[in-house]
Amino acid sequence: KVLSAAHKNNINNIKAAWKATGGHAGERGAEALERMFLSFPTTKTYFPHFDMSHGSAQIKTHGKKVADALSNAVNHLDDMPTALSALSDLHAHKLRVDPVNFKLLSHCLLVTLASHHSAEFTPVVHTSLDKFFAAVSTVLTSKYR
Amino acid sequence: MVLLGERKRKDLSLYFLQLTRLLVVYPWTQRFFDNFGNLSSASAIMGNPKVKDHGKKVLTSLGEAIKNMDDLKGTFAHLSELHCDRLHVDPENFKLLGNELVIVLAKYFGKEFTPQVQAAWQKMVAGVAIALAHKYH
């Protein structure tokens with residue numbers, strides 16, 4: 001399969017941006033969750049059992065889960081539906097998170113990355129990441145109905 | 001919010017970037033700026049003087065919002081009518097712009113842009129978006 005130049009650029013931008021998180025992807029995931037719970041309190045309804053205080057072990061663990069899933073997606077950019085199939089099933093049949101919330105988490109992931117990696121967060125990289133998170137969100141909600 | 005307000009006076013030039021980024025990240029928003037000249041690439045947009053000027057205009061307006069947080073609907077009543085009757089801008093765009101501003105603030109303030117500070121700004125941009133859409137009919 002031949003990649004267009006624009007598509008290739010997106011792939012490179014996404015991989016480079018994710019690589020820039022270094023060994024801290026899990027922390028970024030946790031921070032994005034914390035930001036989301038604070039800015040968009042309705043998102044907490046999916047986690048009634050969570051300790052929401054800063055530094056909570058549950059948020060740390062869940063942040064790492066989210067980051068690992070995103071790392072997996074980054075490694076399978078051309079094959080996300082297959083790579084994320086199990087997660088897609090989970091969100092459709094068990095978690096049933098309303099689709100609007102994926103945008104909220106995506107936004108907070110962008111805010112987190114912008115704040116920690118401002119030099120790399122150029123408009124073009126920002127665009128690629130925005131598209132990436134939107135694509136992941138689409139895959140995760142693809143089996144909803 | 002006060003801390004950022006002070007910083008705002010110092011680094012004013014940075015924040016109009018929220019508009020320029022909007023045009024890059026969500027290219028369909030360019031539909032409102034047909035007469036702005038060259039918007040053909042990210043670098044063209046980032047360097048376009050008309051975009052910069054317009055970003056400053058938007059930013060000045062947001063400055064008014066910060067001074068009048070208790071009456072956003074009143075503050076933006078005239079602008080709301082303008083955006084509906086003359087400019088025909090879908091209010092969805094106000095949300096996009098607000099979130100772009102938050103992201104630009106995160107980029108330039110880094111760690112100072114804590115989750116708590118972000119939450120305050122999200123409330124404000126949401127309020128501005130609602131106020132700007134308030135007079136639509």
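**Stop 1: the cysteines**

Select Cys108(A). Cys108(A) counts as buried because its relative accessibility is 0%, under the 20% cut-off. Keep in mind that everything on this tour belongs to a predicted model. Now jump to the other chain and select Cys84(B). Cys84(B) is also on the buried side of that cut-off, with 10% relative accessibility.

Next, what is the disulfide count over all chains? The count is zero. A disulfide is a covalent bond between the sulfur atoms of two cysteines. The test applied here asks for a pair of cysteine sulfur atoms within 2.5 Å.

**Stop 2: H6 and H7 of chain A**

Select residues 100-116 of chain A for helix H6. Add residues 123-140 of chain A for helix H7. Two packed helices are described by the angle between their axes and the distance between the axes. For H6(A) and H7(A), the angle is about 150° and the axes are 10 Å apart. The pair is therefore roughly antiparallel, since the angle is over 145 degrees. The crossing of H6(A) and H7(A) is right-handed.

Show side chains on both helices. From H6(A), display Phe102(A), Ser106(A), Leu109(A), Leu110(A) and Leu113(A). Across from them, H7(A) contributes His126(A), Leu129(A), Asp130(A), Phe133(A), Ser137(A) and Leu140(A). Colour this contact by residue class: seven are nonpolar, three polar and one charged.

Stay here and pick Ser137(A), in helix H7 of chain A. Is Ser137(A) buried or exposed? Ser137(A) has a relative accessible area of 13%, so it is buried. Which residues does Ser137(A) touch, leaving aside its neighbours within four places in sequence? The partners are Phe102(A) and Ser106(A). Both of these partners belong to the H6(A) side of the helix contact.

**Stop 3: the loop before H6(A)**

Step back along chain A to Arg96(A). Arg96(A) lies in the loop between helix H5 (85-95) and H6 of chain A. Check its backbone: phi of Arg96(A) is near 50°, a positive value in a residue other than glycine. Turn on the surface. Arg96(A) counts as exposed because its relative accessibility is 55%.

**Stop 4: from chain A to chain B**

Select helix H2 of chain A, residues 25-39. Then add helix H9 of chain B, residues 115-133. H2(A) and H9(B) pack at an angle of about 40°, with their axes 9 Å apart. This angle makes H2(A) oblique to H9(B). The crossing of H2(A) and H9(B) is right-handed.

Now display the contact residues. On H2(A) these are Glu34(A), Arg35(A), Leu38(A) and Ser39(A). On H9(B) they are Pro115(B), Gln116(B), Gln118(B), Ala119(B) and Gln122(B). By class, the contact of H2(A) with H9(B) holds three nonpolar, four polar and two charged residues.

**Stop 5: chain B as a whole**

Hide chain A. How many helices and strands does chain B have? Chain B has nine helices and zero strands. Follow the chain from its N terminus, and every element you pass is α: α-α-α-α-α-α-α-α-α. Chain B has 137 residues, and 49% of them count as buried. Take the contacts in chain B between residues at least 6 apart in sequence: 68% join residues at least 24 apart.

**Stop 6: H7 and H9 of chain B**

Keep H9(B) selected and add H7(B), residues 77-86. The axes of H7(B) and H9(B) come within 7 Å and cross at roughly 65°. From H7(B), the contact uses Leu79(B), Ser80(B) and His83(B). From H9(B), it uses Ala131(B), Leu132(B) and Ala133(B). Four of the contact residues are nonpolar, two are polar and none is charged.

**Stop 7: two loops of chain B**

Select His88(B), in the loop between helix H7 (77-86) and helix H8 (92-109) of chain B. Phi of His88(B) is near 55°, a positive value in a residue other than glycine. His88(B) is exposed, with a relative accessible area of 55%.

Last pick: Asp71(B). Asp71(B) is in the loop between helix H5 (49-67) and helix H6 (72-75) of chain B. With a relative accessible area of 44%, Asp71(B) is partly exposed. Draw a C-alpha to C-alpha distance from Asp71(B) to Gly127(B): 9.7 Å in space. In sequence, Asp71(B) and Gly127(B) are 56 residues apart.

How values were computed: Residues numbered from 1 in each chain as written. Chains lettered and ligands numbered in written order. Predicted model: local features only at pLDDT ≥ 70, side-chain atom pairs only at ≥ 80, totals over all residues. Heavy atoms only, no water. Axes fitted to C-alpha atoms, helices over the stretch in contact; angles between N-to-C directions. Helix = DSSP H or I, 4+ residues; strand = E, 2+ residues; numbered from the N terminus. Parallel < 35°, antiparallel > 145°, perpendicular 65-115°, else oblique. Left-handed = near helix turned anticlockwise from the far one by under 90°. Contact = heavy atoms within 4.5 Å. Nonpolar A, V, L, I, M, F, W, Y, C, P; charged D, E, K, R; others polar. Buried < 20%, exposed > 50% of the residue type's maximum accessible area, 1.4 Å probe, protein only.
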